[in-house]
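Okay, thanks everyone for coming. I've got one structure to walk through today, so let me put it up on the screen and then we'll go around it piece by piece.

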Amino acid sequence: MLIETKGLTKRFGGLVAVNDVEIGIEKGKITAIIGPNGAGKSTLFNLISGYHPSSEGSITFKGEDITKKRSFNIAKLGIARTFQTTNLFETATVMDNVIVGHRLRTKSNVFDAVFRTPRLRREEQASREKAAEVLEFVGLEHEAHRLVQDISQEAKKRVAFALALATDPEIVFLDEPAAGINPDETENLAALIRKMIDRGLTVCLIEHKMQMIMGLADHIVVLNYGKKIAEGTPEEIQTNEEVIEAYLGGGDKHAEAE
Amino acid sequence: MQGLKKMRMPLIFLLVALLFPLFTDNQYYIYVVTLAFIYAIAVYGMNLVGGYTGQLSLAHAGFFAIGAYALGLLTVDANVPYWLAFFLALVITTVIGTLVGLIALRTKEHFFAIYTLCVGYIIYLIIYEWDALTGGVRGLIGIESPAAIGPITFDTGISNYYLILVFLVLTVIFMKFLTESIVGRTYVAIRNSEELAQTIGINTMKQKLISFVISTFLAGLAGALYASFVRFIGPDISYTMMTFDFLMYAIVGGFGTLFGPVVGTLLIVILTQSLQFMEDFRMIIFGPLLVLLVIFYPRGIVGGYQMWKMKRAYKKKQRSVDQGSTYEGGD
């Protein structure tokens, strides 16, 4: 297991957003986390990426305990993530947005910048090359010099992917990557996620689009009211009574629409 | 060649600045422009932490005053040689800046602005009330001009003009290298989204502190130059009004742009001086102008110009490249 959580719990005052959750994310696989709105999926992401400190429990990455680590240190270990809303720098070019993604692998400081030391030149070159590489990977090499505000919603999602990939991660957490884009674009994004797996990456995603998840995920974890209620392959999840009751059943419009 | 073309406007500006004293005998004009240069250095500091890193520090006049008073007190009261005092003034401002930054940066966004506003006001009160040290409301009189460096003396308005121009140019070069490097990109990433910056591995607290400390350093530098140029300082240079003047210069020129501070400061200072006959009614002109500028050019004169140029360059490129792009994901 690449990432494992044990007894992971997060309380916000009286609300238990994540309750005693135990999950394992296997290397080289696509793990999906599903559940109704407010099930604690995003909170779980925030705990693993170090954005919120957990109330109880532990998180390990490759056997190393990362429960107490701050988010920027977690990123350095090779855990990247995207957000539900793409909060990119709209009035800068796609390229400029992505270059900084490699910053965590560089060591240049203010003195390097002011005196334009060889280290700075080397690291800037590396960051630029990395950005070009990941933009090509996500299929945005032709949009590299456009402003983010001028590109489509799907392209913005790809920029967010590229930014995460520029950090040289081993695992990427995607928070609702297909929210707000049309079915064709969703299919393209799914293809991109498979491409990431082919590259040796591990992906964990939150998603509401059931058709996409069922076709894409190797392993699915279902959360409801902060608790894990089921996990398994897409087939197992589709036939799981508890899941159907909590999520797929009861005339859930969102699931049916897909 | 490409780089030279890009720097054409700033180089023309520099040439005009170098030749300006040769074309006027009016000491008052030179005085006003020199003052604008000093303010521009301070505005660069504010621009770095506010415009690039996105942390609006409203204690800036306080640090400007700390630099000015440190130089004034060291030369007048302690008889420290000028350039040593100058160096110490920068050290003192930077150390105080670091201490304030460590606490202030624990707050975010408008809380940070309010907190630093209070810090600035406290600095003002200390200068105003600590009569024994600062001379209180009477201020500090008789600060010496910058000491000679070898054969070059700084006892005339013109020599001071060139000295301060050198510091301004150094500041601009420093800012150019800093903001156009990957270090500057780090600051912009924090401004854009602190949350996102952290998830791509940036220690935002550390980076914010560094940019804050540099900003106080530049405020201290401007303050020290101000003290020995004007040769009289009073508590009003640390007052909140001064901070908002700096902020106005930055916004008009372009917050978060390389040449915004120098453009905004020169424009507003010269405009203020030429509208002096209107006294406080000047604000009737400034107010609406500022409002219109913020509405239509939120990134100031320089920012607006850059945006226009970028769009034009892109359109040009689109036209020259054949119409059919291979990527079909456009809107």
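Let's begin with chain B, which is built from 15 helices and 2 strands. Keep in mind that this is a predicted model.

How does the radius of gyration of chain B sit against that of a compact globule? For 331 residues you'd expect a value near 20 Å, and chain B has 21 Å, so the two agree. If you lay the C-alpha trace of chain B along its principal axes, you get spans of about 75 × 50 × 45 Å. Of those 331 residues, 48% count as buried. And if you take the contacts in chain B with a separation of 6 or more, 76% of them are between residues 24 or more positions apart.

One backbone detail while we're on chain B. Have a look at N79(B), which isn't a glycine but has a positive phi, near 55°. Where is N79(B)? You'll find it in the loop between helix 4 (60-76) and helix 5 (82-104) of chain B. N79(B) counts as exposed, because just 8 other C-beta atoms lie within 10 Å, and the cut-off for exposed is 12 or fewer.

Now over to chain A. The domain assignment splits chain A into domain 1, made of 1-78 + 169-258, and domain 2, which is 90-168. Their C-alpha centres are 27 Å apart. Where the two domains meet, domain 1 of chain A puts in 11 residues and domain 2 of chain A puts in 10. On the domain 1 side, helix 2 and helix 7 of chain A each give at least two residues. Helix 7 of chain A has the largest share of that side, with 3 residues. By type, the domain 1 side is 7 nonpolar, 2 polar and 2 charged.

Next, zoom in on strand 9 of chain A, residues 202-206. How many of its residues are buried? The count is 5 of 5. T202(A), C204(A) and I206(A) point one way, V203(A) and L205(A) point the other way, and all are buried.

As for neighbours, strand 9 of chain A pairs in the parallel sense with strand 4 (residues 30-34) of chain A, over 4 bridges. There, I33(A) sits opposite I206(A). Strand 9 of chain A also pairs with strand 8 (residues 171-175) of chain A, again parallel, over 5 bridges. In that pairing F173(A) has C204(A) as its bridge partner.

If you follow the chain from strand 8 through helix 7 (residues 183-198) to strand 9 of chain A, you trace a right-handed β-α-β unit. In the loop between strand 8 and helix 7 of chain A there's E176(A). This is another non-glycine residue with a positive phi, near 45°. Is E176(A) buried or exposed? It comes out as partly exposed, because it has 19 other C-beta atoms within 10 Å and buried takes 20 or more.

Last stop, the contact between the chains. Chain A brings 34 residues to it and chain B brings 29. On the chain A side, the elements giving two or more residues are helix 2 (71-77), helix 4 (110-115), helix 5 (118-137) and helix 6 (153-165). The make-up of that chain A side is 13 nonpolar, 12 polar and 9 charged.

That's my tour, so over to you for questions.

Methods. Residues numbered from 1 in each chain as written. Chains lettered and ligands numbered in written order. Predicted model: local features only at pLDDT ≥ 70, side-chain atom pairs only at ≥ 80, totals over all residues. Contact = placed C-beta atoms within 7 Å. Nonpolar A, V, L, I, M, F, W, Y, C, P; charged D, E, K, R; others polar. Rg over C-alpha atoms; globule rule 2.2 N^0.38 Å. Pairing = 2+ DSSP bridges. Right-handed = clockwise from strand over helix to strand, strands pointing away. Domains from an automatic or database assignment.
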